Each structure stands twice: as structure tokens, then as C-alpha cells.
Amino acid sequence: MEITTITAIFAAVSGVVLGWVTRTSAFKKDVAQEAGSGAALRTDVEYIKHGVDDVRFELKDQVRRFDALTERVTRVEESTKQAHKRIDKIEE
């Protein structure tokens with residue numbers, strides 16, 4: 001065989017090998033990048049879930065406070081009503 005033929009065969013084989021190595025390396029980088037972005041997405045979702053849980057807790061606390069305030073207002077209205085009745089009796 002001539003040196004030109006051997007060089008051409010070697011160049012073709014090395015081109016295939018280098019192409020395969022480059023493709024494998026790019027695939028690994030893509031997988032790592034997707035894993036990183038997936039982890040960031042999961043972290044963001046967890047952060048949002050914790051925020052929603054905090055809002056729910058605060059909402060429950062506000063409902064409890066509102067119920068307590070409603071009860072107090074009802075008591076004040078009853079007391080005022082009784083006071084008006086007593087004032088009306090005094091005026092008569």
C-alpha cells in the first residue's frame with residue numbers, strides 16, 4: 001500500500017473517533033446541564049410551596065382573629081343594648 005492510502009485511511013478513522021468522542025462529551029454536558037436546570041426548577045417549586053404554606057398559615061390566623069373580633073363586637077352590641085334599656089328606665 002502506498003503512504004497516501006494509509007494516510008487517508010488513518011485520517012478517516014481518526015475523524016470518526018474524534019467525532020464520536022466530541023459527540024459523547026457534548027451529550028454528557030447536555031445531561032449535566034439538564035440535571036442542573038431540573039434541580040433549580042425543583043428548588044424554585046419548593047420555595048413556592050413553602051410560600052403558599054406560609055400564606056395559608058397567615059390566612060388561618062387572620063380567620064381566627066376575625067372570629068374573635070366578631071365575638072367581641074357581638075358582646076359589645078349586647079352590652080350597649082342593655083345599657084340603653086337601663087338608661088331608658090332611668091329617664092322614665
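These exercises treat the salt bridges of a predicted model.

**Exercise 1.** Which residue forms a salt bridge with Lys49, and how exposed are the two partners?

*Solution.*
- Start with the pair: Lys49 bridges to Glu46, and their closest N and O atoms are 3.5 Å apart.
- Apply the cut-off: a salt bridge needs a Lys or Arg side-chain nitrogen within 4 Å of an Asp or Glu carboxyl oxygen, so 3.5 Å qualifies.
- Place the pair: both residues sit in helix H1 (residues 3-91), three residues apart, so about one helical turn separates them.
- Check exposure: Lys49 has a relative accessible area of 43% and is partly exposed. Glu46, at 37%, is also partly exposed.

**Exercise 2.** Classify Asp53 and Arg56 as buried, partly exposed or exposed, and describe their contact.

*Solution.*
- Take the contact: Asp53 and Arg56 form a salt bridge, with the closest N and O atoms 4.0 Å apart.
- Locate it: both lie in helix H1, three residues apart, about one turn of the helix.
- Classify Asp53: its relative accessible area is 42%, so Asp53 is partly exposed.
- Classify Arg56: exposed means over 50%. Arg56 reaches 53% relative accessibility, so Arg56 counts as exposed.

**Exercise 3.** Find the salt bridge between Asp61 and Arg65, then name the network around it.

*Solution.*
- Read the distance: the Asp61 and Arg65 side chains meet at 3.6 Å, N to O.
- Count along helix H1: the two are four residues apart, so about one helical turn separates them.
- Extend the bridge: shared partners join Asp61, Arg64 and Arg65 into one network.
- Add exposure: Asp61 is partly exposed, at 22% relative accessible area.

**Exercise 4.** How many salt bridges does the whole structure hold?

*Solution.* A search of the whole structure finds five.

Notes:
Residues numbered from 1 in each chain as written. Predicted model: local features only at pLDDT ≥ 70, side-chain atom pairs only at ≥ 80, totals over all residues. Heavy atoms only, no water. Buried < 20%, exposed > 50% of the residue type's maximum accessible area, 1.4 Å probe, protein only.
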